[in-house]
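Let us take a walk through this structure together, with the viewer open beside the text. We will begin at a contact between chains and work outwards from there.

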Amino acid sequence: MISAVGLRKAFGDFEAVRGIDVEVRRGEAFGFLGPNGAGKSSTMRMIAAVSPVTSGSLRILGRDPAEDGPAIRARLGVCPQEDTLDTELTVRDNLVVYGRYFGIPRSEVARRADELLEFVQLAERGKAKVESLSGGMKRRLTIARSLINRPDLLLLDEPTTGLDPQARHVLWDRLFRLKQQGVTLVLTTHYMDEAEQLCDRLVVMDKGLIVAEGSPLELIRGHSTREVAELRFGVGEHEALAAKVEDLGERVEVLPDRLLVYSDDGEEVIARVHERGLSPVAVLVRRSTLEDVFLRLTGRTLVD
Amino acid sequence: MATVPGVAQPRPTPSALAATRILLYRNYLSYRAAWYIFLTGFLEPVFYLFSIGVGVGRLIDSFEFNGETIGYAAFVAPGMLAASAMNGAVLDSTFNFFFKLKFEKLYDQILATPMSTLDVARGELAWSLLRGGIYSFGFLGVMAGMGLVSSWWAVLALPATLLVGFAFAGAAMALTTYMRSWQDFEYVSLATMPMFLFSATFFPVTAFPGVLRWLVEATPLYRSVVLCRELTTGALSWDSAVSVVYLVAMGVVGLLVARRRLDALLLT
């Protein structure tokens with residue numbers, strides 16, 4: 001579906017994407033993970049065939065975006081980072097008019113608009129103005145809009161950023177259904193749980209480069225330990241105490257508010273910490289997540 | 001490529017004409033709820049016609065224009081006709097175009113579909129023309145009703161006003177792509193207001209001395225006024241041909257520049 005080799009994007013002197021190789025297969029859910037400024041959105045815009053490639057090769061649906069932009073876009077669904085809904089139109093007209101941009105006949109687009117409003121649970125709001133919708137509803141409308149042309153490939157740039165947990169779960173459910181229908185999903189996110197929930201495969205990007213690639217499980221196995229012991233001490237003590245627990249795990253990460261000790265047996269780490277006469281304010285043993293992988297690979301937490 | 005269940009195969013993308021029609025439809029929908037905004041743009045030149053053309057016209061006996069004697073109102077009316085075509089086109093191509101471009105991000109949405117920047121530029125231009133055309137049609141009706149039309153050439157005044165709209169809409173769109181904030185729109189009134197007052201709208205261009213006259217004759221509104229006035233009074237001259245070429249060129253250049261600028265602004 002997507003094949004990129006040595007893909008670069010520069011804005012003047014600034015290189016947002018510095019040579020990445022990506023291969024997305026039909027029917028999979030593929031994720032771009034990374035902090036703000038990693039080059040995810042620039043990559044997505046190139047894939048959406050609205051941003052010219054600076055260098056390297058990019059094929060989308062077997063075509064070159066520089067030559068076949070309209071033909072590619074005809075088969076893409078795009079859900080941009082910010083909701084770019086048409087605020088001058090009603091909820092339903094947003095879908096109808098957007099569908100007409102694809103050249104879908106009027107009667108067909110009307111049928112699909114009603115179907116999609118149902119699908120994203122906005123059927124009762126069809127005549128409402130876009131401004132009257134909540135953030136979650138606007139996001140759902142944007143997703144519905146991206147599906148109006150029955151895309152082969154759906155691009156979602158941070159689909160759930162800024163939504164409350166309830167709204168996120170509704171969205172995930174809808175995306176999961178689409179995936180089951182065979183739609184290829186490509187999404188960017190800086191939420192670990194979202195990536196773990198939705199993505200079959202993902203790449204971690206940092207400073208315009210891909211630093212790791214694999215399924216969520218592969219990445220966790222390859223770049224982290226089975227468990228993590230989180231130790232919380234008093235404010236400002238973490239840096240100094242890190243040396244005292246360093247030997248207890250494979251490695252130790254110092255965060256502003258806690259120490260993370262990576263080990264296959266977290267309980268064992270906690271016991272040894274107490275043996276050494278250290279008394280953390282709070283402790284927690286948990287399984288490794290993508291967040292830990294990210295910390296390992298980029299040396300910082302994701303949402304910074 | 002193999003077919004996947006539930007996934008559509010590619011469709012033909014909209015033609016240039018269809019793309020234009022869709023944007024017209026979109027704009028129609030957005031204005032449907034606010035039709036009265038349309039009305040004010042129409043009434044403005046009508047009020048001017050009554051106030052200056054008819055009111056002030058009472059103080060003026062009659063007028064020599066291209067060798068014919070006409071009433072003052074008949075002199076002012078085609079000027080207002082051209083000015084209303086300009087206003088209609090400029091309103092949509094500056095404020096509304098800017099809002100859609102920078103704030104509503106309408107064109108970002110549209111460009112994610114098979115539509116191109118040329119489709120956008122053409123569609124919005126067509127909309128400006130349609131709006132300007134409706135104003136002009138109404139205004140011509142008022143003129144005819146008041147007996148201010150004295151030639152069958154006036155039938156061509158409607159297409160002439162569309163040309164005026166085309167020229168101003170194209171240029172205004174191109175210039176709007178360079179605007180950074182709402183403050184920059186002061187330049188719009190700075191350009192249109194003096195043109196409205198001095199482009200031989202209320203008095204003949206012969207009132208201007210030397211260089212100043214030459215300057216006025218080079219403005220697009222003067223070219224538009226001349227064209228409309230010669231058509232509604234039936235006193236045609238080569239001036240009209242010059243105007244047509246001038247306005248076509250202005251519109252085409254504007255459209256092409258607007259399209260290039262949209263590429264540069266949106267497809268980054």
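Start with two side chains that are both buried: A:Asp86 and B:Arg26. Please keep in mind throughout that this is a predicted model. The two side chains meet in a salt bridge, with N and O 2.7 Å apart. This pair crosses between chains: A:Asp86 sits in the loop between β5 (76-79) and α3 (91-101) of chain A, while B:Arg26 belongs to helix α1 of chain B. As background, side chains of opposite charge can pair when their charged atoms come close.

B:Arg26 has another partner to look at. It also forms a salt bridge with A:Glu88, and here the closest N and O atoms are 3.1 Å apart. How many salt bridges are there between chain B and chain A? The count is two. B:Arg26 takes part in the bridge to A:Asp86 and in the one to A:Glu88.

Now widen the view to the whole contact between the chains. Polar contacts across the interface of chain B and chain A come to 13 residue pairs, with both residues at pLDDT 80 or more. On the chain B side, the elements that give two or more residues to the surface touching chain A are α1 (16-32), α3 (72-103) and α4 (106-111). Helix α1(B) provides the largest share, seven residues. Sorted by class, this side of chain B has 22 nonpolar, five polar and six charged residues. In total, the contact draws 33 residues from chain B and 38 residues from chain A. Between them the two chains bury an area of about 3200 Å², and carbon and sulfur atoms give 56% of it.

With the interface in mind, turn to chain A as a whole. It holds 11 helices and 13 strands, spread over 304 residues of which 55% are buried. Along the principal axes, its C-alpha atoms fill a box of roughly 75 × 45 × 35 Å. To get a feel for that extent, find A:Glu239 and A:Gly126: these residues are 113 positions apart along the chain, and their C-alpha atoms are separated by 55 Å. A:Glu239 lies in helix α9 (residues 238-245) of chain A and is exposed, with a relative accessible area of 61%.

How is the chain A contact map shared out by sequence separation? Among contacts with a separation of 6 or more, 68% join residues 24 or more positions apart. As for the outside of chain A, about 12700 Å² is exposed, and carbon and sulfur atoms supply 48% of that area.

Back to charged pairs, this time within chains. Over all chains, a search of the whole structure finds 36 salt bridges. One of them joins A:Arg8 to A:Glu15, with the closest N and O atoms 3.0 Å apart. Buried, exposed or partly exposed: where does A:Arg8 fall? A:Arg8 is partly exposed at 31% relative accessible area, and A:Glu15 is partly exposed at 31% as well.

In chain B, B:Asp239 and B:Arg223 form a salt bridge whose closest N and O atoms are 3.8 Å apart. B:Asp239 lies in helix α10 (residues 238-266) and B:Arg223 in helix α9 (residues 220-233) of chain B, so the pair ties together parts 16 residues apart in sequence. B:Asp239 is partly exposed, at 32% relative accessible area, whereas B:Arg223 is buried, at 7%. Chain A also offers a network of salt bridges, which links A:Glu230, A:Arg232, A:Asp257, A:Arg258, A:Arg286 and A:Asp292.

Finally, a stop at the backbone. Most residues other than glycine have a negative phi. Against that background, A:Lys207 has a positive phi near 50°. It is placed in the loop between β8 (201-206) and β9 (209-214) of chain A. With a relative accessibility of 53%, A:Lys207 counts as exposed. Chain B has an example too: B:Lys105, which is not a glycine, has a positive phi of about 55°. B:Lys105 is found in the loop between α3 and α4 of chain B, and at 33% relative accessibility it counts as partly exposed. Those two helices, α3 and α4 of chain B, also appear among the elements on the side of chain B that touches chain A.

Methods. Residues numbered from 1 in each chain as written. Chains lettered and ligands numbered in written order. Predicted model: local features only at pLDDT ≥ 70, side-chain atom pairs only at ≥ 80, totals over all residues. Heavy atoms only, no water. Contact = heavy atoms within 4.5 Å. Buried area = accessible area lost by both parts, 1.4 Å probe. Salt bridge = Lys/Arg side-chain N within 4 Å of Asp/Glu carboxyl O. Polar contact = N/O pair within 3.5 Å; in protein donor to acceptor, adjacent residues only side chain to side chain. Helix = DSSP H or I, 4+ residues; strand = E, 2+ residues; numbered from the N terminus. Nonpolar A, V, L, I, M, F, W, Y, C, P; charged D, E, K, R; others polar. Buried < 20%, exposed > 50% of the residue type's maximum accessible area, 1.4 Å probe, protein only. Areas by Shrake-Rupley, 256 points an atom, 1.4 Å probe, with all protein chains shown as cover.
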